[in-house]
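Please find below a colleague's note, set out as numbered points, to be read alongside the sequence and the structure.

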Amino acid sequence: MEPGLPHIPSRAETIRSWKECGGGIAATLPIHYPRALLRAFGLLPVEVWGPPRVDPAPGAAHLQPYVCSIVGNALSFLLSGGLDGADVIIVPHACDSLQGLGSLLLDFVRPRQPVFPLYLPRGRRESDLQFLADECRALYGKLAAATGRAPSEMEMMESIRREEEADRLLAQLHRRRRTLSLTDRAFYRLVRAREYLPAEEFAALAHSVLDAPPADPRAGIPLLLSGIVPEPMALLDAVTERGGAIVADDLACCGRRLYPPGTRADPFHRMAERILNGPPDPTRGSPIAERLRHLVQMAQETGARGVIFYAVKFCEPELFDLPLLRRGLQEAGLPSVPIEVDLNDPLSGQTLTRIEAFLEMVAGQPAEEVRR
């Protein structure tokens with residue numbers, strides 16, 4: 001166990017414990033979905049980010065070779081029985097590849113579980129909010145048919161408040177990360193437990209870390225980590241061993257899901273509101289200028305001196321933004337480096353060399369205030 005890190009149950013332990021208590025499991029693909037709605041039906045959301053180190057062959061027989069490894073591995077994992085414990089499968093339309101996977105599961109490779117796509121709007125207008133609220137309401141109907149349950153508005157609001165409290169603590173962990181007695185790897189083990197732990201269990205875990213006395217800020221060149229998912233986790237060790245320290249996060253699986261509390265009285269609108277008011281994200285169609293302002297502001301607040309973009313190969317929403325984002329960051333005094341990975345591959349020597357060269361370059365530059 002990492003120093004300063006309490007015991008974190010694994011996904012398998014969590015699923016087993018939840019099912020022993022009579023609950024169901026919702027296997028959820030990335031990225032944005034209404035956690036509170038699933039919990040109101042007694043379903044525990046367990047996210048499927050690939051997973052890494054899966055034999056890609058079963059999925060490759062059904063997908064184009066240029067589909068990202070998150071989608072390819074998820075299909076392979078399902079076909080090999082990895083999702084047999086799930087009661088429903090949720091597939092948000094975060095990108096064309098995930099939408100294609102949803103269609104594939106509905107029409108061709110049909111698992112025994114019901115598959116429910118969730119379509120996300122690409123804006124923040126009132127019409128976008130109404131669209132997503134209607135999607136949540138439609139999902140409610142599908143879940144009711146699948147489970148035989150019909151949670152009341154009061155039960156849904158109780159579930160929403162539970163998720164809001166967990167997300168409030170998640171945001172605190174991010175804000176205080178540099179004074180927590182945790183390595184970067186331990187920090188990500190903790191915050192990524194939000195992907196599968198019940199909200200109340202995650203909240204207790206977060207409290208146990210936040211209530212500990214603050215540590216001295218960790219040494220190292222402060223960096224902002226952007227991209228999709230920190231897999232393989234050896235990335236974090238590589239950054240630490242070469243003198244870096246992650247102080248800010250814009251990962252799709254972490255920092256882009258720091259949802260603020262909602263304000264709407266209707267539970268469906270409140271769930272939609274929270275998702276749409278989250279940090280900028282290309283999978284929700286956020287403008288590049290908005291993403292650039294967000295990254296620069298994070299760097300100013302945390303003292304980050306450089307940005308590592310850690311993208312999964314063939315991730316079109318992420319890679320499309322990179323050229324303009326990197327140019328804007330450079331103009332703001334923030335150097336960056338893009339790294340593309342496949343979830344099935346270990347960190348290559350070339351990747352380690354790029355990280356080392358980037359850190360040496362950042363270390364050799366005078367620490368200046370990031371320009372707006």
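The points that follow take up aromatic pairs, helix packing and a few individual residues.

1. The coordinates come from a predicted model, and every remark in this note should be read with that in mind. Residue numbers run from 1 along each chain as its sequence is written.

2. On aromatic rings, the structure holds 3 aromatic pairs. In one of them, the rings of Tyr140 and Phe268 have centres 5.8 Å apart and planes at 85°, so this pair is edge-to-face, the angle being over 60 degrees. The pair joins distant parts of the chain, since Tyr140 belongs to helix α6 (residues 126-147) and Phe268 to helix α11 (residues 267-276), with the two positions 128 residues apart in numbering. Tyr140 counts as buried at 17% relative accessibility, and Phe268 is likewise buried, with a relative accessible area of 8%. Ring pairs also bring Phe41 together with Tyr140 and Phe268 in a cluster.

3. A further pair is formed by Phe187 and Tyr188, whose ring centres lie 5.4 Å apart and whose planes stand at 90°, so that this pair, too, is edge-to-face. Phe187 is buried, with a relative accessible area of 2%, and Tyr188 is buried with a value of 0%.

4. The helices that carry Tyr140 and Phe268 also pack against one another: the axes of α6 and α11 come within 8 Å and cross at roughly 125°. That angle makes α6 oblique to α11, and the crossing is right-handed. On the α6 side the contact is made by Asp128, Leu129, Gln130, Leu132, Ala133, Cys136, Arg137 and Tyr140, and on the α11 side by Phe268, His269, Met271, Ala272, Glu273, Ile275 and Leu276. Divided by class, the contact of α6 with α11 has 10 nonpolar, 2 polar and 3 charged residues.

5. Met271 deserves a separate remark, as a residue of helix α11 that takes part in the contact with α6. At 6% relative accessibility, Met271 counts as buried. When its neighbours within four places in sequence are left aside, Met271 is in contact with Pro34, Ala36, Leu37, Cys136 and Ile160; of these, Cys136 is also listed on the α6 side of the helix contact. By contrast, the C-alpha atoms of Met271 and Pro214 are separated by 33 Å, the two residues being 57 apart along the chain.

6. Which residues does Cys254 touch, leaving aside its neighbours within four places in sequence? They are His174, Tyr188, Val191, Arg192 and Asp249, and Tyr188 among them is a member of the edge-to-face pair with Phe187. Cys254 itself lies in the loop between β6 (244-251) and α11, and is buried, with a relative accessible area of 3%. The C-alpha atoms of Cys254 and Leu170 are separated by 9.2 Å, although the two residues are 84 apart along the chain.

7. Leu170 appears again in the packing of helix α7 on helix α9, where Arg162, Glu163, Glu165, Ala166, Arg168, Leu169, Leu170, Gln172 and Leu173 in α7 meet Ala199, Glu200, Phe202, Ala203, Ala206, His207, Val209 and Leu210 in α9. The residues of this contact divide into 10 nonpolar, 2 polar and 5 charged. The axes of α7 (residues 153-175) and α9 (residues 199-210) come within 9 Å and cross at roughly 30°, which makes α7 roughly parallel to α9, and the crossing is left-handed.

8. How do helices α12 (residues 288-302) and α13 (residues 316-331) cross, and within what distance do their axes come? The axes come within 10 Å and cross at roughly 55°, which makes α12 oblique to α13, and α12 passes α13 in a right-handed crossing. Ile288, Arg291, Leu292, Leu295 and Val296 of α12 make the contact with Glu318, Asp321, Leu324, Leu325, Gly328 and Leu329 of α13. By class, this contact has 7 nonpolar, 1 polar and 3 charged residues.

9. Finally, is Ser76, a residue of helix α4 (residues 69-79), buried or exposed? Ser76 is buried, with a relative accessible area of 0%. Apart from its neighbours within four places in sequence, Ser76 is in contact with Val54, Asp55, Pro56, Ala57, Pro58, Gly59 and Ala60.

Technical notes. This is a predicted model: local features need pLDDT of at least 70, side-chain atom pairs count only at pLDDT 80 or more; totals for chains, interfaces and linings use all residues. Side-chain values use heavy atoms; hydrogens and water are left out. Rings of Phe, Tyr and Trp (its six-membered ring) pair if their centres lie within 6.5 Å; planes under 30 degrees apart count as stacked, over 60 as edge-to-face and the rest as tilted. Helices (H or I, at least four residues) and strands (E, at least two) are DSSP runs, numbered from the N terminus. Buried means under 20% relative accessible area, exposed over 50%, partly exposed in between (1.4 Å probe, protein chains only). Axes are lines fitted to C-alpha atoms, for helices over the stretch in contact, and angles run from 0 to 180 degrees between N-to-C directions. Angles under 35 degrees count as roughly parallel, over 145 as roughly antiparallel, 65 to 115 as roughly perpendicular and the rest as oblique. A crossing is left-handed if the near helix is turned anticlockwise from the far one by less than a right angle, and right-handed if clockwise. Contact means heavy atoms within 4.5 Å. Ala, Val, Leu, Ile, Met, Phe, Trp, Tyr, Cys and Pro count as nonpolar, Asp, Glu, Lys and Arg as charged, and the others, Gly among them, as polar.
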